[in-house]
Amino acid sequence: MSVFGKEFGKTSDGRTVNLYRITNENGAYVEVLDYGCILHAICVPNKDGALTDVCLGYDTVAEYEANDGYLGAFVGRHANRIGEGKFTLNGVNYSLAVNNGPNHLHGGLKGFDRVVWGTCVASDRLIFSHTSPDGDEGYPGNLMMTVSYSFDDTNTLTLSYDAVCDQDTVVNFTNHCYFNLNGQGTGTVTDHLLQVNADEFTENDENCLPTGKILSVEGTPFDFRKAKPIGRDIHADDVNLKNGSGYDHNFILSGEGLRDVAVLTSEKTGIVMTTRTTQPGVQVYTANFLTDRRGKNDTHYGIRDGICLETQHYPDAVHHPHFPTVVLKPGEEYHQETQYVFTLK
Ligand code: GAL
């Protein structure tokens, strides 16, 4: 694994943004920005032996700053939604920035996707670090974090998140990469085969906020236990699909520890991506709100042109005591890992 860094551009307030390319011995590579720890490119071998970039992104910092959608970004302090941006911890009421209708989404108005992170290049990984101050977007306590990326010779991209705090707080990190295994900018992913090791998912209301109910996937369009094309049931007459405008749901993953949780396959390129994670859930999001925009290398992106497999704790867990806790306490060490393993069919 070798790492090469260069300037990518500047933020609107003059901060330098660097791009790091991590190349493995096969010549496959991943590009990452220190702005938002963004996964900017993932170039892996296709069945013809050439490289395909399977990750959506933009050519400039200005586009990353101006556009919504969190392309490729590391997301926190709390991924997905917190109802009304309010929660109570140890009897204290906290009000967070509200940025999605009445709710808090993906860390607020200035989440970690908008931060220029400190960078350290180690021999086997790229390490980003940042301290989120007490009161940041309304969250309690200072939070010290590292996010590391490595890409080994088996074409395994490993994302590793660590954090400690000095006061009880809530933490739920994810990555918001939009994958298109046919190649970024080639249209929709509805032909991809998806398999997810989940017997259940969390029901959403019309604002994509969990109701607290846990539903079985059995007999529903959410049954991905056997691989099926993403588009097969996406227009089914189902209230949950309607509420999400497609798939935008937290699947409850079987098993514990670092394990295989999902497999995404492109018949066109032969690229197979196996997702592995230590996290209890994955938000399967079929880019239902990805409005028309310019993508990398003068491509065009729109609805369903990528799929996010956002490994995470369940959304809005602060309001549902039966969901796994997202509370982090001083003295505890938060650690989560996710791997995207690229192979050929
Ligand atoms: C997803 C979320 C969607 C949408 C998207 C960003 O993680 O589940 O509802 O907000 O991020 O556009």
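The questions and answers below deal with two sheets, a ligand site and two backbone details in a predicted model.

Author: Residues are numbered from 1 along each chain as its sequence is written. In this predicted model local features need pLDDT of at least 70, side-chain atom pairs count only at pLDDT 80 or more, totals for chains, interfaces and linings use all residues, and side-chain values use heavy atoms, with hydrogens and water left out.

Reader: What makes β3 and β4 a pair?

Author: Two strands pair if DSSP finds at least two bridges between them. Strands are DSSP runs of E, at least two residues, numbered from the N terminus. β3 (residues 29-33) and β4 (residues 39-45) share four bridges, in the antiparallel sense. Therefore they count as paired. V30 has I42 in β4 as its bridge partner.

Reader: Why are β1 and β5 called edges?

Author: The open sheet runs β1-β2-β3-β4-β5, with antiparallel pairing. β1 (2-10) and β5 (51-53) each have a single partner strand, so one side of each lacks a neighbour in the sheet.

Reader: Which strands are the edges of the nine-strand sheet?

Author: That open sheet has the order β11-β12-β13-β14-β29-β23-β22-β17-β20, with antiparallel pairing. β11 (118-121) and β20 (228-229) are its edge strands, each pairing on one side only.

Reader: How do you know that β17 pairs with β20?

Author: β17 (residues 193-196) and β20 are joined by two bridges, antiparallel. The cut-off is at least two, so the pair qualifies. In β20, P229 is the bridge partner of L193.

Reader: What makes a residue count as being around the ligand?

Author: One of its heavy atoms must lie within 4 Å of the ligand. The residues that do so include Y70, R81, H106, H176, D248 and E310.

Reader: Why is the approach of H106, H176 and E310 to the ligand called a polar contact?

Author: A polar contact is a pair of N or O atoms within 3.5 Å. An N or O atom in the side chain of H106 is 2.9 Å from a ligand oxygen. For H176 the value is 2.8 Å. For a polar side-chain atom of E310 it is 2.7 Å. Each value is within 3.5 Å, so each pair qualifies.

Reader: Where is the cis peptide bond?

Author: It runs from G76 to R77, with omega near 10°. R77 is in the loop between β6 (74-75) and β7 (81-82).

Reader: What is notable about phi of S245?

Author: Phi is near 55°, a positive value in a residue other than glycine. S245 lies in the loop between α2 (239-244) and β21 (248-253). Helices are DSSP runs of H or I, at least four residues.

Note on methods
Polar contact = N/O pair within 3.5 Å; in protein donor to acceptor, adjacent residues only side chain to side chain.
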